[in-house]
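Q: I have a new structure open and I'm not sure how to read it. Could you take me through a few features, one at a time?

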Amino acid sequence: MNTAGSVLLIVTAVAFFLGCAPDRDAHDASTDVTGWEAGPGPDAVDPAFYHPWAVVPVSEIPAPRGWQLKRGIIHLHSTYSHDACDSEPFIDDVRNEQCFEELREALCATAQDFAFLTDHDDLFAYYEYPEVLLYKDGDTLIERGGLPVANRMTCEDGRDVIIAAGTESGTMPIGLEHHVGDTIDDRVAAYNDVTALGVQAYRDAGAIALVMHTEEWDVSTLLGLQLDGIEIYNLHANMYQALDVLVIMILDMQDRPWQVPVAELGFVPLWRESTADMDAWASSLEVRRQIGVLASDIHRNTFSGEASDGERLDSYRRLMHWFSNHVLLPAGPVDDAVLKEAILRGRMYGAFEAFGYPVGFDFHAISGSTVHEMGDTVPAGELADLVLAIPSVHNLDPEGPQPVITGRILELVDGAWEEVASGDADITFPASAGVYRAEVRIVPNHTRPWLGMKADEYLALSKVWIYSNPIYVGVVY
């Protein structure tokens, strides 16, 4: 059984045992809850200060040096995956419209700018473009050669979300501009072709070639596929790592709600770094360029019960709100091709917004008068300074608890990541030839009012807030 299936089975069993929605008025006489009071809920969002349910459009986050910043989801399952929507993506051969609309609404509600779907070959291979692009009347199709390749959905507030198709099957190509194969059988075979030739067929169809669940792959196999990139974090894999905490949290939600965070911050105690994924990334980068992405892997099929805020625990909206991928784009119009070009270059970073929206993050290299961005290569023989700007939490209440934020620059050394600089203020590091990435870690003390009586336990360790993609100094593969 794969990681996602294991988590689903165990969590579903706990949910079945509970048999009802969480009761925040439950009382356990053996527990002293004197002075405990949950932080304000979703109906009390104050736009002036940080709040767990607040959504900050990327347009409110300044981008560095004339770039424009776009934020979105990579690895996402819709009604065209057999196991999405509580494993009922279609009911009596009719699309599950409620689940279909929940996904579209969640993309708008969390202010995403793009979404790269990764539906399983069953059902993805059975349906045509533009249907697999979540298209409906009122959307605007992006076309090439007279054929639809992506979808532009307009939200009620006027923002657009670009939606592209892809599949999680043998590997995980994102941004497919058309099916690979004319018949269903041909498509299923193509999407399960785990060879370098199969990967090249996805590129020929306009896709970026990724793999899912990096921890399940041997590095030599990954390298043999000649991929464009890998997942350096996957939500389902994280849940599996934190399964003991997850089960206890679900049980506490029923009987001891004062112990646990509000549902919107359930991610705070659950977050785990995937050391296996990071090690695989380091080993791969010894041999070839590899972009790293954060994978949401949302199916909306794990926990159908309501949380205390009246929303199901695993809703599309909630899980999309926890983290996303941020891409630096040149000024001008944006479509799926512009997004894919920037992602393929590695001009991007991943941010866990569950800990707060980061403002001011920047990682680049300066060589003479030239600025090199994430994903760029500084020419061999040139001296370069790496610059890491430490971000702050958007609209942080100056009178409330303050986070502890630390930046790190790491170098690839003998197939592993080695810290070469760190600090709580902006960092400039003189780099010799090598591969470097940045990360920002946070102790999110500002979330304390919503974490319940175990807040000290949940805040005992710092958590990664941002992963950058690498800068290559004098390294040519």
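A: Sure, let's start inside. This is a predicted model. When you look at a cavity, ask which element gives most to its walls; here the largest share of the lining of the largest cavity, four residues, comes from α8.

Q: How much space lies in the largest cavity, and how many cavities of 30 Å³ or more does the structure hold?

A: The largest cavity holds about 350 Å³ of space. The structure has four cavities of 30 Å³ or more. Lining the largest one are 24 residues, and M239, L246, L313, D314 and W322 are the closest to its centre. Besides α8 (243–255), the elements that give two or more residues to that lining are α1 (3–18), α7 (235–241) and α11 (316–320).

Q: What kinds of residue make up the lining of the largest cavity?

A: Sort them by side-chain type: 16 are nonpolar, five polar and three charged.

Q: And what lines the second largest cavity?

A: That one has a volume of about 70 Å³. Among its lining residues are Y50, H51, P52, E264, H321, W322 and Y357. The split there is seven nonpolar, three polar and two charged. Look out for W322: it belongs to this lining, and it is also one of the residues closest to the centre of the largest cavity.

Q: Back to α8. How do I check the length of a helix, and which of its residues are buried?

A: For length, count 1.5 Å a residue and compare that with the distance between the end C-alpha atoms. The 13 residues of α8 should span 18 Å, and its ends are 19 Å apart, which agrees. The buried residues of α8 are L243, V245, L246, M249, I250, D252, M253 and Q254. L246 from that list is also among the residues closest to the centre of the largest cavity.

Q: Now strands. Why is β8 said to be largely enclosed?

A: Go residue by residue, and count one as buried when its relative accessible area is under 20%. In β8 (residues 172–176), five of the five residues are buried, so the rest of the structure largely encloses the strand.

Q: Which strands does β8 pair with?

A: Look for bridges. Two of them join β8 to β7 (residues 160–166), and these strands run antiparallel. G166 has I174 of β8 as its bridge partner. Five residues lie between β7 and β8, which form a hairpin. Three bridges join β8 to β9 (residues 208–211), again antiparallel, with M172 opposite L210 of β9.

Q: How do I read the order of the strands in a sheet, such as the open sheet of four strands?

A: Walk across it from one edge to the other. The order is β16-β15-β18-β22, and the pairing is antiparallel. At the edges, β16 (370–373) and β22 (427–431) each have a single partner strand, so one side of each has no neighbour in the sheet. From one strand to the next, the twist averages 25 degrees. Between β15 (residues 362–367) and β18 (residues 384–389) there are five bridges, and A365 stands opposite L386 in β18.

Q: One last residue: is D43 buried or exposed?

A: Compare its accessibility with the cut-off, which for exposed is over 50%. D43 has 82% relative accessibility, so it counts as exposed. You'll find D43 in the loop between α1 and β1 (68–74). The C-alpha atoms of D43 and T302 are 25 Å from each other, with the two residues 259 apart along the chain.

Conventions:
Residues are numbered from 1 along each chain as its sequence is written. This is a predicted model: local features need pLDDT of at least 70, side-chain atom pairs count only at pLDDT 80 or more; totals for chains, interfaces and linings use all residues. Side-chain values use heavy atoms; hydrogens and water are left out. Buried means under 20% relative accessible area, exposed over 50%, partly exposed in between (1.4 Å probe, protein chains only). Two strands pair if DSSP finds at least two bridges between them. On a 1 Å grid over the protein atoms alone, a cavity is a set of points where a 1.4 Å probe fits but cannot get out, and a pocket is an open set with protein on both sides within 12 Å along at least five of seven lines; lining residues have an atom within 4 Å of a point. Grid points are joined across faces, edges and corners, and a volume is the space filled by probe spheres set on the points. Ala, Val, Leu, Ile, Met, Phe, Trp, Tyr, Cys and Pro count as nonpolar, Asp, Glu, Lys and Arg as charged, and the others, Gly among them, as polar. The expected span of a helix is 1.5 Å times one less than its number of residues. Axes are lines fitted to C-alpha atoms, for helices over the stretch in contact, and angles run from 0 to 180 degrees between N-to-C directions.
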